[in-house]
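Grab a coffee and open the viewer. Below are some short exercises, each with a worked solution to check yourself against.

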Amino acid sequence: MRDLKAISIIIYIKLVNKTKNTILTEDVYEAKNFKDRMLGLLDQSKPRSMVFSTRFGIHTFAMSEAIDILVLNDLGTVVKLKHSLPPNTFFFWKPRYQRVIELPAGSLISSGTVVGDVVAVEYQR
């Protein structure tokens, strides 16, 4: 079990749609602890996109703008997505899928990403 008091470590990564050969974003971080997952994109000091694991769905309470959502299976295949999830909303999916990506609204349209595409999480060192 992860230590919920762990220091937040920001790892910058690039998200690539391998099916379409398009970049979703290069301005993303991976939320590694409870605080990062809870604050999500509300923390304006962090990048505009976030990758994290959860089985309980997400919410956009206290957010000021809509976001795009990707849910991936263990192979990186998009199993569910949501365009422009508005503020103050819940979004749920089958609990067996854990990998979630939050992106600025419009990212999925501009990258051409659809259900069935493979999205790679590429760590930048």
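Keep in mind as you go that this is a predicted model.

**Exercise 1. Start with Lys18: how exposed is Lys18, and which residue does Lys18 form a salt bridge with?**

Step 1. Look at accessibility. Lys18 has a relative accessibility of 48%, so it counts as partly exposed, since exposed would take over 50%.

Step 2. Find the partner. Lys18 makes a salt bridge with Glu122, and their closest N and O atoms are 2.9 Å apart.

Step 3. Place the two ends on the chain. Lys18 lies in the loop between S1 and strand S2 (22-30), while Glu122 belongs to strand S9; the two are 104 residues apart, so this pair ties distant parts of the chain together.

**Exercise 2. Work out which residues are joined with Glu122 into one salt-bridge network.**

Step 1. Check for a further partner. Lys14 and Glu122 also meet through their side chains in a salt bridge, at 3.8 Å from N to O.

Step 2. Apply the cut-off. A salt bridge needs the nitrogen within 4 Å of the carboxyl oxygen, and the 3.8 Å of Lys14 and Glu122 goes with that.

Step 3. Locate the pair. Lys14 sits in strand S1 (residues 12-17) and Glu122 in strand S9 (residues 119-123), with their positions 108 residues apart in the numbering, and the bridge links distant parts of the chain.

Step 4. Ask about the shared residue. Glu122 is partly exposed, at 26% relative accessibility.

Step 5. Put it together. Lys14, Lys18 and Glu122 form one network through salt bridges that share partners.

**Exercise 3. The structure holds three salt bridges. Find the partner of Lys20 and decide whether each end is buried, partly exposed or exposed.**

Step 1. Name the pair. Lys20 meets Asp117 in a salt bridge, 2.8 Å from N to O.

Step 2. Place it. Lys20 is in the loop between S1 and S2, and Asp117 is in the loop between helix H2 (107-111) and S9, 97 residues apart.

Step 3. Compare the ends. Lys20 is partly exposed at 36%, whereas Asp117 is buried at 4%.

As background, side chains of opposite charge can pair when their charged atoms come close.

**Exercise 4. Which residues other than glycine have a positive phi, and where do they sit?**

Step 1. One of them is Asn21, with phi of about 55°. Asn21 lies in the loop between S1 and S2 and is exposed at 69% relative accessibility.

Step 2. Another is Ala62, whose phi is near 75°. Ala62 falls in the loop between strand S4 (58-59) and strand S5 (67-72), and at 61% it is exposed too.

**Exercise 5. Is strand S3 mainly buried or exposed, and which strands does S3 pair with?**

Step 1. Count the buried residues. Four of the five residues of S3 (residues 49-53) are buried, so the strand is largely enclosed by the rest of the structure.

Step 2. Take one neighbour. S2 pairs with S3 in the parallel sense over three bridges, and Tyr29 stands opposite Met50 of S3.

Step 3. Take another. S3 and S8 run antiparallel, joined by four bridges, with Ser53 opposite Arg99 in S8.

**Exercise 6. Which residues gather in the patch of positive charge on the surface?**

Step 1. List the members: Lys80, Lys82, Lys94 and Arg96.

Step 2. Zoom in on Arg96. This residue is in the loop between strand S7 (90-91) and strand S8 (99-104), and is exposed, at 55%.

Methods: Residues numbered from 1 in each chain as written. Predicted model: local features only at pLDDT ≥ 70, side-chain atom pairs only at ≥ 80, totals over all residues. Heavy atoms only, no water. Buried < 20%, exposed > 50% of the residue type's maximum accessible area, 1.4 Å probe, protein only. Patch = residues over 30% accessible without salt bridge, like charges linked within 9 Å, V, L, I, M, F, W, Y side chains within 5 Å. Areas by Shrake-Rupley, 256 points an atom, 1.4 Å probe, with all protein chains shown as cover. Lys, Arg positive; Asp, Glu negative; His and termini not counted. Charge placed at Lys NZ, Arg CZ, Asp CG, Glu CD. Pairing = 2+ DSSP bridges.
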